[in-house]
Amino acid sequence: MATVSMTVNGKAVTGTIDSRTLLVQFLRENLRLTGTHVGCDTSQCGACVVHVDGKAIKSCTTLALSLEGASVTTIEGLAVNGTLHPMQEAFREHHGLQCGYCTPGMIMAAVDIVNRRGHALDEQTIREDLDGNICRCTGYHNIVKAIAAGAEAMGGKAKPARQAAE
Amino acid sequence: MSSQSSSATGIGASVRRKEDHRFITGQGRYTDDINRPGQAHAYFLRSPHAHATINKIDTKAAAKMPGVLGIFTGDDLTADKVGGLICGWMIHNKDGSPMRAGAHPALAQGKVRYVGDHVCVIVAETLAQARDASEAIVVDYGVLPAVVDTASAAKAKTVVHVEAPDNTVFNWHLGNKDETEKAFKAAKHVTKLDIVNNRLVPNPMEPRAAVGDYDQGEGAFTLYTTSQNPHVARLVLSAFIGIAPENKLRVIAPDVGGGFGSKIFIYAEETVCVWVAKKVGRPVKWTSDRSEAFLSDAHGRDHVTHAELATDADGKITGLRVKTTANLGAYLSTFSSSVPTYLYAPLLSGSYDIPAIYAEVDAVYTNTAPVDAYRGAGRPEATFVVERLVEVAARELGKDPAKFRMQNYIKKFPHQTPVIMMYDAGNYGAAMKKALEIIDYKGVGKRKRDSARNGKLRGIGFSSYIEACGIAPSAAVGSLGAGVGLWESAEVRVNPIGTVEVLTGSHSHGQGHETTFAQLVSDKLGIPIENVSIVHGDTDKVQMGMGTYGSRSGAVGMSAIFRAVDKVIAKGKKVAAYVLEADEADIDFADGHFKVKGTDKTLDFGSCALQAYVAHKFNGQDLEPGLKEGAFYDPTNFTFPAGVHICELEIDPATGTTRIERWAAVDDFGNVINPMIVEGQVHGGIAQGVGQALLEGAKYNSDGQLVTASFMDYCMPRAGDLPSFDVGMTVTPCPSNPLGIKGCGEAGAIAAPPAVINAITDALGHEDIAMPATPQAVWRAAQKSLKRMAAE
Amino acid sequence: MYAFTFHRPATARQAAGLLAKKEDAKLLAGGHTLLPTMKQRLASPGALVDLGGCADLKGIERKGRNVVIGAMTTHAEVAASPLVQEAIPGLAYLASHIGDPHVRNRGTIGGSVANNDPAADYPAACLALGATIVTNKRKIGADEFFTGLYETALEEGEIITKIAFPLASKAAYAKFRNPASRYALVGVFVAKRGSDVRVAVTGAGEGGVFRWPEAEDALKTRFTAKSLDGLKASAKGINADMHADAEYRAHLIGVMAKEAVARATGK
């Protein structure tokens, strides 16, 4: 067993864990943050995507011990003081989710796309950058729409979401 | 966004989903998120061989490994009198004898029959310990040759189950054989196709999981599981497998991360988890990883078919005949036998007036994972046969494929097909016209020429699908072999201040029932949608239900709610009559108010509810207090959603890459409660259908090893593989249920595969391509096209 | 996963010490090959030495006529580096198309090169550009480094510290992805430096990354995609699997080579 300390969603956390504990296991089992999911075992589906030091990574392919001192943001840490993040709002507004299982990873990936590529995203860019996230329900149509709208909203220039959709 | 609603949350409005808040904030609660105090973990030792006898399982060393609480085998199941898994649909052979079903133990008994078959279970303090112990178990296998190939399974020397010596589960048929033969003899032209409908792995993003719990004090079991139909799971686990009587067995299906059919079935893993919880005296959790899911989730499709279509001199379709072999895998999964029979052949008339149809279906056992219902279940296979035949016939006859379809559409309703179904309502021509407009059919010639100039091949393909949904009425499915009635139940509980809980036997795992059902109730009762909560997925809360599959939750589940709400309103009128001191016959209910006809005396719904519970204004002998009503709804017919999908795509003959450029979908789902959710279902269905056509295919090698056993080799559709879709609708209300709903969950998956393949073959100029049309396959087929073009 | 002990040194020197001292120790870079393999219980190192804390293994710099990239630099960092984009845009392009965005945020150039997966992208760039792989012990030319499937010239205890890519006058990469895994079904990196042209192919070879001399000769005459017209790569020694047989892969080598040259020449 070994000890690891990191910041998760702004809070300092410490855990005593088996060295083989993956970040996703540390989040789900030690911290009971079950919003981060596991959908495959080959590092492809992206249900487990979280941000480490501001960058999207697959928490199923990262050892918790490798992240000593890191700052981790999960889906549970995206809303601030109960106010939803614009990307969360956009997914709801544009029906970018059905069963909800891929959704946390999808939203974390979406925020990362905006962080890297800015607020004006065309369809092709979004589709290409979703290469690491698999959704079986939506056919991606509404996810793409949600991310474009969420990106714009993150830029602060968006119309009120409901109005923009109509 | 389209909207026919008068209110922002009423029927026809694209209400944003009530359930989304928990999902977008990471607060969804799926089975693997549930941990019970003292929980142990199960690991299944699975067969590495496709076919082998088990001579001995030596667990001695493993049992002493750290953390191990118990190791259990098929012998322990027998000792505890735990029954085998069942197939709930009886099919009869052509000669009237029953299908030949082999035993299906939850843990192997003497033999393993596919790679991934369950040899034994190890329960330990941690999953890692259970897995460590599994490696210390020594199994003495007698490896046997494997039967893998669908088409030749019946001729194989190896026998999967002694009960079926020629590996044939049943040989079944449907239709009018003699008339069909006559039609083909008289035909001017016969179109022939050999078709393989590729095997698919459903792959909902949430893998299956189960937590079994046993309360020693109460002598009662609880099973948390990833199920589309927890009540059916309880029924089977109780009445057939014998875990416990129903009153001592609670099944909870919490948030479920997609199902697509694969979570209908009652599998070995949840059966074992709930059984061993009592044996080890601890809650026991099992969560599938993706690799296990590939091996052990029921797969879909896997048909080999020869099909022929007869036409007369005018291009009128006069007959259709089909010979299909369906691979059901190593064991009969819960509804497997119904899929290539009653969910398949009755759809072979498609949208067309075909006077003579005859279908023969042989189902075979092989040493592969069990095959059962996957999104569409039988109907995609039928639609693929019909829509490929029709497209190819049009080409062979030199007719425009759209016009050829229009010529042969059924135009009068109701229409009795030669294969059981009585289509009740539809307007196929209207859908075709709308789809042609959306895709800009007139411009396709120019677009093809533009592509050709760039060295690309462009094609357009049609699919004019029909499906039968609802999987009811009960009497009808019962006469066809179903072991259960396929009605649905609902209970509407009004609380004293007028908020409402709706308990439904339908289960939501992505379909948005918490919103759509609430819309219906709020619209009918005239109360805010926030005041309506939907309760589902727990056998202790909802008394009974049949679950969600076959696009039935709208047509059947919501109809049950509709009826229960009607009963609530009727009871409310009685209460209001007392309160308003009027005759019950004079009470009207509209916009959330009970009103005495011709007066201004009214009682709002909430006040009525309060009066029903306070019960001061009436005599409890004359009228029972309370406001709670239930209904069981059994429809009068299947429902028949139909529509036209058109796919336009471009092939790069240099690499074989296929790019879908346009997609027009026009569907007739009858009346629509929430267009946003319905369109979402269409999108997702198309994506799975495109996946089948272009990307996905489960392959076993000749030893029965699954070679597409992870996302590294089994190609899941990604965002970049798909276009945005143009979705339109036409509406002919369904006459068979009070809401006029037909169902929308499977349409896209049914419609899409032939649309894609018809477009590819249009681009190629020949029919020689199978699903999945991977870049390699398309490249090879395109070389043939280029050679032909050069020769011309 | 099987159990292991975990070590996180702060420098490459400390890492080398641990690697020598711990029994059955393996280096952990980005972990995107090693960890999935360990999860499947197909690898069982007794100790993992995580290089993620070694600051001296990170960074990108221009040294004369070379771009030098620290072994623990992620694919995303290479892709986004203005220095790489300006000096060897084909290399930045390659890095931007490895795996997916999340993989690129963890996966490293050193890990990829040391693993020498036959379908990995970086080996093609190393071979075509004539990179030098620098270890804690020596410098190895790319031609000598990649010795076979998952095999390299690295010896026990040797750690890649950086990779030096000499500038080229023209260089580009084209890849046809495996539809399922997104690895290279075929990837071709072309580089022209003076009169020298090198064409390296990944994803296709039974023995891993290799050069295509016929294409190099054709391109030396004239560095244009047209020079490759009619030139067919031999299907001999080419990988075959369910996604692509040898004939199709060999064909794709030609198509990707042309695409890479077109990209390199801005056409």
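This briefing covers the interface of chain C with chain A and selected salt bridges in chain B. The model is predicted, so that local features need pLDDT of at least 70 and side-chain atom pairs count only at pLDDT 80 or more, while totals for chains, interfaces and linings use all residues. Residues are numbered from 1 along each chain as its sequence is written, chains are lettered from A and ligands numbered from 1 in the order in which they are written, and side-chain values use heavy atoms, leaving out hydrogens and water.

**Interface of chain C and chain A**
- In chain C, 30 residues are in contact (heavy atoms within 4.5 Å) with 26 residues of chain A.
- The buried area, meaning the accessible area (1.4 Å probe) that two parts lose on being put together, summed over both, is about 2,300 Å² here, and carbon and sulfur atoms give 53% of it.
- Of the area that chain C buries against chain A, 28% comes from C:Lys39, C:His102 and C:Arg106, more than from any other three residues.
- Three salt bridges (a side-chain nitrogen of Lys or Arg within 4 Å of a carboxyl oxygen of Asp or Glu) are counted between the two chains, and A:Lys58 pairs with C:Asp100 in a salt bridge at 2.4 Å, N to O.

**Salt bridges in chain B**
- B:Arg22 and B:Asp255 form a salt bridge with their closest N and O atoms 2.8 Å apart.
- B:Asp255, at 11% relative accessibility, counts as buried (under 20% relative accessible area, 1.4 Å probe, protein chains only), whereas B:Arg22, at 23%, counts as partly exposed (between that limit and the 50% above which a residue is exposed).
- B:Arg552 and B:Glu488 also meet in a salt bridge (3.6 Å, N to O), and both residues are buried.
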